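Visitor: I am new to this structure and would be grateful for a close look at a single part of it. Please choose one element, and explain how it is joined to its surroundings.

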Amino acid sequence: MNTGQMMLAMGAMIFLSVIVLNVNTNQLNTEDTMINSKLGLIAVSLATSYVEEANARAFDLATVNNFVTDLNALTAASSLGPASGEYYPNYNDFDDYNGLNRTDVVDEVSFRIKCTVVYVNANSPDTKSSNKTWNKKLTVKIYTDKVNGNALLKDTIEVSSIFSYWKEI
């Protein structure tokens, strides 16, 4: 083999090596995206489950057995959360989910769940109200712990729901 043929053979080997590295990199990126998508779907499902669970409860402790027409009867904004002796999953009203911090394990992955409940005004549901209103907003945030410095789920999943109290006449 002469020098020219040797150079062509080396060039072809380098070209082939670059192609193999690019294919492997693309395959790893695709795999990473698929895993993150799967974890995201699980996290959204978990968050939706907590929202549906909370929406199945009474609006407030005062409304568990009674219909209330006076805002003063509702739980104070600073006292939202489970009443003394109430523990998840045996909550009886929507705002009991305030302060709930749990870990659910699905497919050997630990999902951290943090819930907050606040009063909101009907005209600005993204703004927390320090006063009692007929509307409460539950926000469920879900994330995964870091493994080797990287979170398994790339982003925190956040799902919100507003629960309003009213009676159809």
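Guide: One term is needed at the outset: a residue is called buried when its relative accessible area is under 20%, exposed when it is over 50%, and partly exposed in between. Lys141 has a relative accessibility of 38% and therefore counts as partly exposed. The part I have chosen is the strand in which Lys141 lies, β4. Please keep in mind throughout that this is a predicted model.

A brief view of the whole will help to place the strand. The protein contains one helix and seven strands, and along the sequence the helix comes before the strands, in the pattern α-β-β-β-β-β-β-β. Of its 169 residues, 30% are buried. Among contacts between residues at least 6 apart in sequence, 56% join residues at least 24 apart.

We may begin just ahead of the strand. Thr133 belongs to the loop between β3 (124-129) and β4. With a relative accessible area of 9%, Thr133 is under the 20% limit and so counts as buried. The side chain of Thr133 reaches two backbone oxygens: that of Val120 at 2.7 Å and that of Asn135 at 2.8 Å. Once neighbours within four places in sequence are set aside, the contacts of Thr133 are Phe59, Leu71, Leu74, Tyr119, Val120 and Asn121. Val120 thus appears both as a contact of Thr133 and as the owner of an oxygen that the Thr133 side chain reaches.

Within β4 itself, the charged residues deserve attention. Side chains of opposite charge can pair when their charged atoms come close. The structure holds six salt bridges, and Lys136 takes part in a bridge with Asp60, at 2.7 Å from N to O. Lys136 is in strand β4, while Asp60 is in the loop between α1 and β1 (101-106), so this pair ties together parts that are 76 residues apart in sequence. Lys136 also meets Asp95 in a salt bridge, here at 2.6 Å from N to O. Asp95 too is placed in the loop between α1 and β1, so its pairing with Lys136 connects parts 41 residues apart in sequence. Asp60, Asp95 and Lys136 accordingly form a linked network of salt bridges. As for burial, Asp60 and Lys136 are both buried, and Asp95 is buried as well.

Further along is Lys141, with which we began. Lys141 forms a salt bridge with Glu158, and their closest N and O atoms are 3.8 Å apart. Because Lys141 lies in β4 and Glu158 in strand β7, the pair ties together parts that are 17 residues apart in sequence. Whereas Lys136 is buried, Lys141 is partly exposed.

The nonpolar residues give the other half of the picture. In soluble globular proteins, nonpolar side chains tend to be buried together. The largest nonpolar core here has 30 residues, and those touching the most other members are Tyr97, Phe111, Cys115, Leu138, Val140 and Ile142. At least two residues of this core come from each of α1, β2 (109-121), β4 (135-144) and β7 (157-164). The greatest contribution is that of α1, with eight residues.

Ile142 shows in detail what surrounds such a core residue. Leaving aside neighbours within four places in sequence, Ile142 is in contact with Ala43, Leu46, Ala47, Phe111, Arg112, Ile113, Leu153, Asp155, Thr156 and Ile157. Phe111, one of these contacts, is itself listed among the core members that touch the most others.

Thr156, another contact of Ile142, leads back to the helix. Gly40 and Thr156 are 116 residues apart in sequence, yet their C-alpha atoms are 8.9 Å apart in space. Gly40 lies in helix α1 (residues 3-55), and its relative accessible area of 13% is under the limit of 20%, which means that it counts as buried.

To draw the strand together: β4 supplies residues to the largest nonpolar core, Lys136 is linked with Asp60 and Asp95 in a network of salt bridges, and Lys141 forms a salt bridge with Glu158.

How values were computed
Residues numbered from 1 in each chain as written. Predicted model: local features only at pLDDT ≥ 70, side-chain atom pairs only at ≥ 80, totals over all residues. Heavy atoms only, no water. Helix = DSSP H or I, 4+ residues; strand = E, 2+ residues; numbered from the N terminus. Buried < 20%, exposed > 50% of the residue type's maximum accessible area, 1.4 Å probe, protein only. Contact = heavy atoms within 4.5 Å. Core = buried A, V, L, I, M, F, W, Y, C linked by side-chain atoms within 4.5 Å. Polar contact = N/O pair within 3.5 Å; in protein donor to acceptor, adjacent residues only side chain to side chain. Salt bridge = Lys/Arg side-chain N within 4 Å of Asp/Glu carboxyl O.
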